[in-house]
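Me: Please take a close look at one part of this model, the open sheet. Set it in the context of the whole chain.

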Amino acid sequence: MKALSLYRFIIFFLLTLLICVNGIYAQTPVYLSGITQNLVTPVRVAIDKNDIIYVTDASQKLILKYDASGNFLGTITPGGSPLSIAINENNRIFIGDGETGNILKLDTSGTPTVIYTGTVFPSDMVFVSDSIYIVDSKLLQVVVIDQSGNFVRTIGSGTFTYPVGIAYNPQNNRLLVSE
């Protein structure tokens, strides 16, 4: 019995140590300030390489831009209902349209081009290398396309209950899907 207690203590101690050591297994978030100006129904957030923050707003059917301090910079109105958003390494913006299910690529002036039409409800997306991983909540799967919109594969078809979010951890090469 004492061996079991000692074992539990050692596990607890090691987990506590790992959590407390910043930068090894855990990151400490830093709260800077809230962004509320001009937002009605924020859905998804993406940040580009210049620290510009992009927020999709379901009610207003547009994308709002903020600087790193949370100051409002303007809007992008791509048409449809921008739901999900992802930004590649070249600061190109890709959005999932909640009305049509289309995946759009925005040019530098904010003009959209449909690059993929095989999703129904693209609730979230993330870049992994040169591919876009798109959570389709209604088709209950993750669709993978390249940046030109070419279909690559699907993940989890038939195994998800209702996927809604996705994240990628490049440190361990893991894709996380929330449902």
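Reply: Helices and strands here are DSSP runs, of at least four residues (H or I) for a helix and at least two (E) for a strand, numbered from the N terminus. The model is predicted. On that basis the protein chain has one helix and 14 strands.

Now the open sheet. Four strands build it, in the order β9-β10-β11-β12, with antiparallel pairing. The edges are β9 (122-128) and β12 (151-155). Each has a single partner strand, so one side of each lacks a neighbour in the sheet. From one strand to the next, the twist averages 20°.

Inside the sheet, look at β10 and β11. Strand β10 covers residues 131-136, and strand β11 covers residues 141-146. Six bridges pair them in the antiparallel sense. One position can be checked by eye: serine 131 stands opposite aspartate 146 in β11.

Another antiparallel pair is worth a look. Strand β3 (residues 62-66) is joined to strand β4 (residues 72-76) by four bridges. Isoleucine 63 has isoleucine 76 in β4 as its bridge partner. Five residues lie between the strands of this hairpin. In it, glycine 70 takes a positive phi near 90°.

Finally, the whole chain. It has 179 residues, of which 36% count as buried. The exposed area is about 10600 Å², and carbon and sulfur atoms supply 56% of it. Take the contacts between residues at least 6 apart in sequence: 30% of them join residues at least 24 apart.

Technical notes
Residues numbered from 1 in each chain as written. Predicted model: local features only at pLDDT ≥ 70, side-chain atom pairs only at ≥ 80, totals over all residues. Heavy atoms only, no water. Pairing = 2+ DSSP bridges. Axes fitted to C-alpha atoms, helices over the stretch in contact; angles between N-to-C directions. Buried < 20%, exposed > 50% of the residue type's maximum accessible area, 1.4 Å probe, protein only. Contact = heavy atoms within 4.5 Å. Areas by Shrake-Rupley, 256 points an atom, 1.4 Å probe, with all protein chains shown as cover.
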